[in-house]
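I opened the model to look up a few residues, the sheet and some helices. My entries follow in the order in which I made them.

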Amino acid sequence: NFSRVTEFILLGLSDTRELRVPFFTIFFLAYAMVLLGNLLIIVTVRTDPKLSSPMYFLLCNLSFIDICYTSITCPRMLVDLLSQRKAIAFEDCMAQLFFLHFAGASEMFLLTVMAYDRYTAICKPLHYTAIMSRRVCWVLVSGCWAGGFLHSIVQTLLTVQLPFCGPNTIDNYFCDVPPVIRLACTDIYLTEWLMASNSGLISLLCFLVLVTSYMFILVTVRVRLTAGHWKALSTCASHVMVVTLFFVPCMFIYLRPFSTFPSDKHVCVIYTVFSPVMNPLIYTLRNTEVKVSMWKLWKRF
């Protein structure tokens with residue numbers, strides 16, 4: 001009597017018809033801001049030789065990851081908001097799950113590297129250029145992508161090997177490990193623990209490393225109150241805002257095996273849509289060098 005599920009039905013954010021158009025408008029504008037804002041950052045950093053420091057190199061890579069990360073879920077959500085039947089093929093669901101965790105984990109590791117970059121610039125300024133050379137930056141960014149791939153392939157293998165014979169309804173607007181594995185026709189006790197120890201533990205450890213680096217930065221700034229240190233601290237403050245929006249919801253979702261809440265899909269919106277929106281806003285509006293470079297780029301064209 002075994003029959004393999006060939007597609008899943010996504011329930012989306014809400015089943016209220018009156019909310020579809022407002023939701024579509026909000027998320028379309030948010031997705032457009034992610035694309036335009038992050039593309040503007042990438043073009044600005046690549047065209048201005050003055051923005052060649054490791055901080056802007058990492059910021060450029062973060063913008064690229066944000067574009068990829070949001071594009072994995074947002075276009076599908078926008079289409080489903082205007083569709084009557086929100087079905088996704090089994091293979092497409094597994095592909096979305098893989099690329100979501102690939103980009104998401106890579107962004108976690110990159111945010112951690114960016115915190116280390118700020119720690120080195122503030123706490124060890126005389127050794128900064130030697131520690132954060134261009135070669136080291138490339139190695140760190142490559143390590144972020146490699147770590148994201150390893151994390152994602154483990155999550156995907158844990159999910160795809162499970163038997164799915166019904167039901168096939170996912171109470172979310174995209175395919176993710178927690179809601180998908182709960183549809184499996186088998187005991188998922190071990191799988192849920194492995195999921196929590198993988199995604200949840202990575203989120204927690206990266207967040208703890210970030211918090212520790214910022215504590216060292218705060219201690220250093222208290223001892224040496226110069227204009228340069230206050231400028232660096234302002235940059236770190238914007239970094240903390242992005243980190244909080246991204247890591248706290250992730251830990252809420254992935255550190256809770258064996259439990260689910262109806263609000264989970266609304267929490268997912270924070271780190272899949274609104275956190276990437278905040279990145280270009282914070283890093284452009286709070287950074288004078290980037291704003292000056294953007295103005296020069298605007299006058300050039």
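**Ser-63**

I looked up Ser-63 and got 0% relative accessibility; the cut-off for buried is under 20%, so Ser-63 counts as buried. The model is a predicted one, and I read every value below as computed from it. Ser-63 sits in helix α2. Setting aside residues up to four places away in sequence, I found Ser-63 touching Asn-38, Ile-41, Ile-42 and Asn-279. Asn-38, Ile-41 and Ile-42 also appear among the buried residues of α1.

**Tyr-69**

Next I went to Tyr-69, which is also found in α2, the helix of residues 54-81. Is Tyr-69 buried or exposed? Its relative accessible area is 3%, under the 20% limit, so I noted Tyr-69 as buried. What does Tyr-69 touch, not counting residues up to four places away in sequence? I listed Leu-100, Ala-103, Gly-104, Glu-107, Phe-246, Tyr-271, Thr-272 and Pro-276. I also took one C-alpha distance: Tyr-69 and Ser-106 are 37 residues apart along the chain, and their C-alpha atoms are separated by 9.6 Å.

**Helix α1**

I checked the length of α1, which covers residues 20-47. The helix has 28 residues and reaches 40 Å from its first C-alpha to its last, close to the 40 Å expected at 1.5 Å a residue. I then pulled the buried residues of α1, among them Arg-20, Phe-27, Ala-30, Tyr-31, Val-34 and Gly-37. Thr-44 and Val-45 are on that list too.

**Helix α3 and Thr-112**

For α3 I repeated the length check. At 1.5 Å a residue its 34 residues should span 50 Å, and the end C-alpha atoms are 49 Å apart, which agrees. How many of the 34 residues of α3 are buried? I got 26, so α3 is largely enclosed by the rest of the structure.

Thr-112 lies in this helix, residues 90-123. Its relative accessible area is 16%, and because buried means under 20%, I put Thr-112 down as buried. The side chain of Thr-112 reaches the backbone oxygen of Met-108 at 2.9 Å. Leaving aside neighbours within four places in sequence, I have Thr-112 in contact with Cys-206, Val-209 and Leu-210.

**The sheet**

I then traced the strands. Three of them form an open sheet in the order β2-β1-β3, with mixed pairing. The edge strands are β2 (87-89) and β3 (169-170), each of which pairs on one side only. Where does α3 come in, relative to the sheet? I found that α3 packs on the sheet and touches β1, β2 and β3, with its direction at about 85 degrees to that of β2.

I went through the pairings one by one. β1 (residues 7-10) and β3 run parallel and are joined by two bridges. In β3, Thr-169 is the bridge partner of Ile-9, and Ile-170 is the bridge partner of Leu-10. On the β2 side, three bridges join β1 to β2, and these strands run antiparallel. Ile-9 stands opposite Ala-87 in β2.

**Helix α5**

α5 covers residues 134-160, and I gave it the length check as well. Its 27 residues should span 39 Å at 1.5 Å a residue; the end C-alpha atoms are 39 Å apart, which agrees. The buried residues of α5 include Cys-137, Val-141, Cys-144, Gly-147, Gly-148 and His-151. Ser-152, Gln-155, Thr-156, Leu-158 and Thr-159 are also buried.

**Asn-287**

I looked for Asn-287 and found it in the loop between α9 (264-285) and α10 (288-300). Its relative accessibility is 10%, under the 20% limit, so Asn-287 counts as buried. Not counting residues up to four places away in sequence, Asn-287 touches Met-55, Tyr-56 and Ile-282. Asn-287 and Ser-238 are 49 residues apart along the chain, with their C-alpha atoms separated by 9.6 Å.

**Annotated spans**

Last, I compared the model with the record. The unreviewed UniProt entry gives "transmembrane region" for residues 20-43, 55-78, 98-116, 136-154, 200-221, 233-255 and 267-285. I took two of these spans. Residues 20-43 are 100% helix and 0% strand, with end C-alpha atoms 34 Å apart. Residues 55-78 are likewise 100% helix and 0% strand, and their end C-alpha atoms lie 33 Å apart.

Technical notes:
Residues numbered from 1 in each chain as written. Predicted model: local features only at pLDDT ≥ 70, side-chain atom pairs only at ≥ 80, totals over all residues. Heavy atoms only, no water. Helix = DSSP H or I, 4+ residues; strand = E, 2+ residues; numbered from the N terminus. Buried < 20%, exposed > 50% of the residue type's maximum accessible area, 1.4 Å probe, protein only. Polar contact = N/O pair within 3.5 Å; in protein donor to acceptor, adjacent residues only side chain to side chain. Contact = heavy atoms within 4.5 Å. Pairing = 2+ DSSP bridges. Axes fitted to C-alpha atoms, helices over the stretch in contact; angles between N-to-C directions. UniProt positions renumbered as here; feature names shortened; annotations may be inferred. Expected span 1.5 Å × (residues − 1).
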